[in-house]
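Colleague: I would like a close look at a single part of this model, together with whatever backbone details help to place it. Please take it step by step.

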Amino acid sequence: MNPTRLRPQTPLTRQRTFVCLFPAVDDPGATFLIDGMSAGFVCLDTTTFPRTAIVSVTAEDGITTKDYHFDLVVPLGSNADIAYFGGSGWQISPDFAPAVTEYVARSTGAPTVCIYFGVEDFAATLTINGIPRDIFDTETCYDTVNLPATMTIVVTAEDGVTTKTTTVQVLPPLSTDSTLDDLQLSVGAFTSPPAFNPENYIHDITVPTDATAITFTATPGHPAQVLTYNGLPVGNDGIFGPIALAYGVTEVLLQVMPEDGISRRDYVLRVNRPLSSEARLSSLSTSLPGFPAAFDPEVQVYPVTVSGGTSSITVTATPMAAQASFTVQGVAGVAGVPSGEIPLAYGQNTVILMVTAQDGSMRGYALEIAREIPAAVAIQSFDVVDVCCAVPPDPAQTLFVVNGFSTTTRPALMVTTTDPAATMSLDGLPLTQGGPDVTPYLPPNQFVDRILRVTSADGLQSLDYTVRFWRPRSSNAELSDLTPTVGEFTTTFQSDDFLYYLEVDVGTPVAFTLHRAHEGSAVEMLGFAPVADGVPTVAIPAALGDAFYNFNVVSEQGGLNTYTVRVRGLPSANANLTDLTASAGSLSPAFDPAVLSYTLSLPPAQASVDLSAITANAAATMTLNGQPLLSGEPATVTVPPEGTLVTVVVQAQAGNTATTSIAISRSNGAPSISGPTTLGMLEDGATQALELTLADVHTPPADLTIVGVTSSDESLIASAGVLAGMTRLADRVTLPIAPQPDAYGVANVSIEVQDAGGLSATHTIAVTVQPINDAPTFAITQSVVDVSGEAGSVTVPGVLGQISAGPANESTQALSFSVVAEDLGQTPAISSVGMAANGDLTLQRTGTPGRARVRVILHDDGGTQNGGIDSSAERVITVWVGEAYDLSVRIDPGAHLGGHRAYEIVVENHGPSAVANGTLLIAPLNGLRSPGFTCTPGAGATCTAPPLSSPGTFAIHLLVGASLTVQLDATQDPFATGIEIHAGVAAPLDLPTINPADDTATLQEPVLPYGIFGGGFE
């Protein structure tokens, strides 16, 4: 400002809403007014500009005044920027930015779409597509069907010069049309639906069976559609394929993606290539000249007669469809290729050709070939007695049917051959010329085929004829004979007389033998079982009084006749035995019904015997030593060593009795020992207890004397040990068997016992002890080996000692070492290692210092059978190669209490050389305040903080194997989110360093909030 100018012009920035004036005077005693008001400053609204502000200054004398007129002018704006725009029913891109002047607005498909704008300077003017618009009413809406192609927005700044044009390209909504207009097929036709329907998602298509591929032509419903089939793109021409077709249904997935990329439609095209159903032949011929004379695929049966000399035929056929197959007499055929020779039997032959279409449909053709029968094996006449047939047979007939008879079950044949010298058989049974020959039994109401074989007189030819019988059911329900097995009926048997009488002694077993009048009828003895011809029925002892027995005869047609027999039992006086037997020993004298006294001698060990007696009359009763005894049933008699007397008393029904006595005795015998005779054990196995059982006829087992125990090999099984450990309880003796240490082989262990009569028994147990290989052993005499570091081989003697294959009996086993070197450095110090049989260790050095671990196992050749061990435990030797340093450092978290943190940094010397003048540096990087360090050296270690060194720096000295610990104490930074500590150790540079990877360590951990609460530290 120039104080001499009383009317300065003050242009203002257009963006300011208020302008403030701060007058200042030269003389501190002067005063001023702003627009007549006393104020230090004034702020004016620029919306009221242009205007003039007056500042009146009055000097200290109160007289001198000066007025300054400030013309406040706001320049016209030049801002033509759009501040924002938006809308509804559109998708506008890119996102709004003042610098962007070209946009694309796409309708979302709403019926009405609107767009609106805002300008930065309200003094600017606006036109849309050349039409002025109020800047406070810029919303413009359109019907979707009347959208403009482009919207041009022109903003003119307040100055009337500056303009900015923004264009919006207006696009209609993306199409959602995903239907096809049409789909054409290169082969076949639509079957469901019968034509392509764009609204159907699944279309079934059927193609001819010989179609191997199909091509489709699709017509899109909208030009922006994208088509794919089975994941492959469809060309612009809409043609896709060809798609290979297998038999059956091949599915094609046609996907139509509309312009909006959302409303996809999937068409599933199911193309069915059916299997061929053609099962006809196109040609058929045989090896018979002119047969068939004319083949017609629709004619299925072709008859022909051939001479007896035609013994076989071949057939050639070709199916109409290449996919069809056929068989000739069940054998697969080849189109156009003759079949194998098909033998022709004499008489009627049928050759079957069966054609199978690809879909399984079948059609058959039959060649009916009648082969004439030669006179040498021809039948001249065939007749069945009282049945049929008495007619000359057909020259080609090989089947004879015999039916309509029921009176006999075994019809008789009367057959003659053209050549009387020919022979005949029926199912292998010989027939005579002219018969009659009775045939085997024929069941009713069923066809039975029997083979009638004719053999020529010279035996060179034979022909089988079939005789087919069919017999109706018979109504005959009579017996031709019925007789008792004892006695006689009071009247003679007649087949039409149904009641008979029989008298016998009580207890006499009565049975009956009968024969049927017709073989097809069935006979049952009521209450018992069916009855066979000529076989006696079950025998039933006659009871006192009358008993009735009924026999039902049922014909094949179901008719019934019942024959009744009344049996009367009369009292019997028979008290004799018909048999007396013993289960052991032998009776003396031999049994005789007239003898009533016997002796029976038993072996010494036979403490009981079964006696069995049979009465001559079943009605008689018996007792054995007063106890009831059933006839024929064995009864057990206990026989003490001193013997016993047994009596058998038989009482007849009439009351009379007969007594038979048997004196039973036992002889003395030697004792017995029972138990295991073999025992298998393993070397150094645990003691096994064998239990033996003692027995004797006369001496109680507890009173038997143990004579002694012996062993055939005392070095394997010591008999004294067995005898000393033996236990005995009543009839039980338990022998403890244990092998001697490290012994194996076979030893027979025997025990002898003696009874009171001086007889003895010996029991031998064969004990087999299987060897078990003991593990070899060795000792390490040098667990740590130091060698120099130059390259090459070096042998360290006597590293191992006390090398043994096991016990003395394994001393001949061969021994071998397996040695594995495990290098512990980053660069191998040892390339190979070996161990001699005497324990000398050989190392091949690479020339690089370092440390290795040698793992040693000793093996023998004793094997592992029976759980043996052929390898020792693994032993480890540490090898140092050359002089080198190997330090390591680690950081261990310590105690954390509130804001206090403690950590331990551990340094170790792994060798092979002591470290002098090493350096340890500990650096808390983040999260800790006021760290303090305390070093505690272990045995063989020292640490000092060099003068003027930074905290956490130490000079360290460590012998091989020594260690030291530095404790870090610090306060946690309350604003820290994590803590990080780094530590590193360095050895002098005069020797190589091994394993440098563990020479540094870093610890990182998150920080949890802490505070002081009423309950203590948290």
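Is glutamine 802 buried or exposed? Please begin there, and then turn to serine 631 for the close look.

Modeller: In this predicted model, glutamine 802 counts as exposed because its relative accessibility is 68%, and exposed begins over 50%. Glutamine 802 is in strand S72, residues 800-804, and has a positive phi near 50° although the residue is other than glycine.

Serine 631, the part you asked about, is in the loop between strand S57 (627-629) and strand S58 (635-638). With a relative accessibility of 37%, serine 631 counts as partly exposed. Leaving aside neighbours within four places in sequence, serine 631 is in contact with Ala613, Ile614, Thr615 and Met622; for threonine 615 there is also a polar contact, in which the side chain of serine 631 reaches the backbone nitrogen of threonine 615 at 3.2 Å. Leucine 716, by comparison, is 85 residues from serine 631 in sequence, and the two C-alpha atoms are 62 Å apart in space.

On the other side of strand S57, the loop between strand S56 (621-624) and S57 holds asparagine 625, a residue that is not a glycine and yet has a positive phi of about 50°. Asparagine 625 is partly exposed, at a relative accessible area of 42%.

Two cis peptide bonds complete the backbone details. One joins serine 588 and proline 589, with omega about -5°, and proline 589 lies in the loop between strand S53 (587-588) and strand S54 (597-602). Another runs from serine 192 to proline 193, with omega near -5°, where proline 193 is in the loop between strand S17 (189-192) and strand S18 (202-206).

Notes
Residues numbered from 1 in each chain as written. Predicted model: local features only at pLDDT ≥ 70, side-chain atom pairs only at ≥ 80, totals over all residues. Heavy atoms only, no water. Helix = DSSP H or I, 4+ residues; strand = E, 2+ residues; numbered from the N terminus. Buried < 20%, exposed > 50% of the residue type's maximum accessible area, 1.4 Å probe, protein only. Contact = heavy atoms within 4.5 Å. Polar contact = N/O pair within 3.5 Å; in protein donor to acceptor, adjacent residues only side chain to side chain.
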